[in-house]
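Please walk through this model with an eye to how its helices and strands come together. The account starts from a single side chain and widens from there.

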Amino acid sequence: MLTELESRLADVLGAALPAPFGGRVRRRGAAGPAGAGPVVRLGVEGFVPLEPDVFSTRPEIAAGASTLRRVVRLRVTIGLDVTTDPPGDRLGELAGTDALLYALQDPAVRSASALVAPGDQGFRLDGIDLLEVGAQDDDPDVLVGAEGWFWPVGVAGQDGREITHALVREVRLPMRLTFDAPLVAGAAAVACDLTFGATGTLDVASGPGGAPTTAAPFGAVALRLLDDGGGPGAGVLDTAASPPGTTVVATVDADGAAFTYTPPATAAREHLVVLAHAGTGADVRTGMELARFDLVVTS
């Protein structure tokens, strides 16, 4: 992870810097280069955890493994110092800083593509940028920031069941709810029509013998009747696809679904919630809310 980043950046800069600094870049704490001459030392100064992609912590596919594995998202700061031989040569230190600034502004270094090498590197960077230095006496000569993914070298990816079949449903707004009669307390069931702006279903399959992407009937939606407190409503819903109650399933034909609503015995304000629905039996699933309507029953 951070160890591999330090080592790789030292190698890249060691090859990029001109004499007398070329080939003389080392990590802090590592043995120095042979012979007399200046040395550029680099090391991690600190790091900040990142939470990109709306706080996603999903595994990722990175170099070195063809399957998903867990990564750590970080912004890392790395300091670089120039030591002259003999020490204290201000002009020599400034020359080394000049060389570092120029090398770090190379497009391949800024994009971090220069750090990419075959195999499992333990990191993948989005880029490298120069940071401000000089606020403190002990600041490094040059400070850079690097953002990316990090993981321990050699950790295997996570194997899992391959997704070979998916059913993708789409409903477009606006949704419209109409009644064939007013909603009056104690009255008979009222026929209702739920009309969608547009609907569509794609049946996607892959693998040997898998069918291509095809259009399919939309299927069904779930209808749920709630009171103001979020509990079951007082009225009754009924459809051809399920028994009457406060939660039913309605089959979508063409651009909508039909059902009936029996108002309660007294005036009330209820809420009809339309939800995504898929599967049958043990595989039935109710998904996200698609729309919500207020039902006002008068006396």
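In this predicted model, leucine 13 touches Val25, Leu42, Leu80, Leu100, Ala103 and Leu104, once its neighbours within four places in sequence are set aside. Leu13 also belongs to the largest nonpolar core, which has 29 residues, and it is one of the members that touch the most others, together with Leu17, Leu42, Leu80, Leu100, Leu115 and Leu125. Two or more residues of this core come from each of α1, β2, β3, α3, β4 and β5. In soluble globular proteins, nonpolar side chains tend to be buried together. Separate from this core there is a second one of 25 residues, with Cys192, Val248, Val252 and Val274 among them.

The helix that carries Leu13 is α1, which spans residues 2-16. Its 15 residues reach 21 Å from the first C-alpha to the last, close to the 21 Å expected at 1.5 Å a residue. Leu5, Glu6, Leu9, Ala10, Val12, Leu13 and Gly14 are the buried residues of α1, and they pack against β1 (25-27), β2 (39-49), β3, α3 (90-104), β4 and β5.

Helix α3 likewise has 15 residues and reaches 21 Å between its first and last C-alpha, close to the 21 Å expected at 1.5 Å a residue. Which of its residues are buried? They are Gly92, Gly96, Thr97, Ala99, Leu100, Ala103 and Leu104. Because these residues cover an arc of only 160° around the axis, they lie on the same side of α3. An α-helix has 3.6 residues a turn, so residues three or four places apart point the same way. On the other side of α3, Arg90, Leu91 and Tyr102 are exposed. The cover over the buried residues of α3 includes α1, β2, β3, α4 (107-110), β4 and β5.

Strand β5 is among the elements that meet the buried residues of both helices. Running over residues 142-150, β5 is mostly covered, with eight of its nine residues buried. Strand β3 (residues 72-83) is joined to β5 by nine bridges and runs antiparallel to it, and within that pairing arginine 73 has tryptophan 149 as its bridge partner. Strand β4 (residues 123-131) also pairs with β5 in the antiparallel sense, over eight bridges, where leucine 125 stands opposite glycine 148. Leu125 has already appeared as one of the core residues that touch the most other members.

Elsewhere in the chain, four strands form an open sheet in the order β14-β11-β16-β17, with antiparallel pairing. The edges are taken by β14 (247-252) and β17 (285-297), and because each of them has a single partner strand, one side of each is left without a neighbour in the sheet. Neighbouring strands of this sheet are turned by 25° against each other on average, direction ignored. Within the sheet, β11 (residues 219-226) and β16 (residues 268-278) run antiparallel and are joined by seven bridges, and leucine 226 has histidine 271 in β16 as its bridge partner.

Over the whole chain, the secondary structure comes to four helices and 17 strands. Of the 299 residues, 34% count as buried. Among contacts with a separation of 6 or more, 62% are between residues 24 or more positions apart.

Technical notes
Residues are numbered from 1 along each chain as its sequence is written. This is a predicted model: local features need pLDDT of at least 70, side-chain atom pairs count only at pLDDT 80 or more; totals for chains, interfaces and linings use all residues. Side-chain values use heavy atoms; hydrogens and water are left out. Two strands pair if DSSP finds at least two bridges between them. Axes are lines fitted to C-alpha atoms, for helices over the stretch in contact, and angles run from 0 to 180 degrees between N-to-C directions. Buried means under 20% relative accessible area, exposed over 50%, partly exposed in between (1.4 Å probe, protein chains only). The expected span of a helix is 1.5 Å times one less than its number of residues. Contact means heavy atoms within 4.5 Å. A nonpolar core is a set of buried Ala, Val, Leu, Ile, Met, Phe, Trp, Tyr and Cys residues joined through side-chain atoms within 4.5 Å. The arc is that of the directions from the helix axis to the C-beta atoms.
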